[in-house]
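Visitor: I am new to this structure and would like a close look at a single part of it. Please take your time and connect what you describe.

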Amino acid sequence: MAWLIPALALGGCMSSHGLQTGAQPASGSAAASASAVAPAAGPGLGTGYSNYGQPLTKIGFLHLTLGNTLYRPLADGGRTSIYVAPGGQLTMRVVSPEGHVVDETGIQSVNPKDACWSLKGKQQPLCFRPYWNGRLMTLLFVGANVLPAQFLVERGRHL
């Protein structure tokens with residue numbers, strides 16, 4: 001199944017910018033999994049709506065991320081997978097089009113206004129405001145010169 005997903009750069013270890021088309025997921029269940037872990041309408045979604053969907057509350061964001069994998073194909077043919085363990089520890093895997101793998105570890109933290117990923121070896125956390133449109137999670141980065149990034153959410157660990 002071909003996807004047409006606008007997938008923009010995450011920055012730092014991600015090198016690909018632009019519109020993503022025709023990428024294949026690491027697993028055929030990624031699209032189906034997104035709705036399986038979607039927060040129910042109400043407490044998981046904030047008020048208002050933007051081009052990216054509704055802002056996620058802290059509870060909604062944690063529901064979508066803890067114990068799950070965020071998956072994003074890159075425009076150059078690579079992919080990014082971020083697994084967030086139930087305790088908030090995260091593992092980010094970037095696979096280049098040639099198959100080279102870079103793993104980074106860190107911690108996810110969430111406050112009422114935004115969420116952050118603090119990666120080992122990086123001085124500044126990468127903070128963002130999360131949005132959900134029913135299928136994709138969009139991260140709008142705060143205080144960083146990084147384009148928005150969109151992810152499918154897949155239940156469980158899939159790196």
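Visitor: Which residue in β9 does Leu-70 stand opposite?

Guide: Leu-70 stands opposite Val-153 in β9, and since you ask for a close look, let us stay with the strand that holds Leu-70, keeping in mind that this is a predicted model. The chain as a whole has two helices and nine strands, arranged along the sequence as α-β-α-β-β-β-β-β-β-β-β. Of its 159 residues, 46% count as buried.

The strand in question is β2, which covers residues 68–73, and because six of its six residues are buried, β2 is largely enclosed by the rest of the structure. In a regular strand the side chains alternate between the two faces of the sheet. In β2 both faces are covered, with Asn-68, Leu-70 and Arg-72 buried on one side, while Thr-69, Tyr-71 and Pro-73 are buried on the other.

β2 has strand partners that we can now take in turn. With β9, which spans residues 149–155, β2 pairs in the antiparallel sense over four bridges, and it is in β9 that Val-153 faces Leu-70. With β3, which spans residues 79–84, β2 pairs in the antiparallel sense as well, here over six bridges, and the bridge partner of Thr-69 in β3 is Tyr-83. The hairpin formed by β2 and β3 has five residues between the strands, and in this hairpin Gly-77 takes a positive phi near 100 degrees.

It also helps to look at what comes before β2 in the sequence, where helix α2 occupies residues 58–65 and has Gly-60, Phe-61, Leu-64 and Thr-65 buried. Seen down the axis of α2, these buried residues fall within an arc of 120 degrees, so they line one face of the helix. Just after α2 comes Gly-67, which takes a positive phi of about 80 degrees.

To set this strand within the whole chain, consider the contacts between residues at least 6 apart in sequence, of which 47% join residues at least 24 apart. The chain exposes about 7,600 Å², and carbon and sulfur atoms supply 55% of that area. To return to the part you asked about, β2 is thus a strand with both of its faces covered, paired with β3 and with β9.

Technical notes
Residues numbered from 1 in each chain as written. Predicted model: local features only at pLDDT ≥ 70, side-chain atom pairs only at ≥ 80, totals over all residues. Heavy atoms only, no water. Buried < 20%, exposed > 50% of the residue type's maximum accessible area, 1.4 Å probe, protein only. Pairing = 2+ DSSP bridges. Contact = heavy atoms within 4.5 Å. Areas by Shrake-Rupley, 256 points an atom, 1.4 Å probe, with all protein chains shown as cover. Arc of directions from axis to C-beta.
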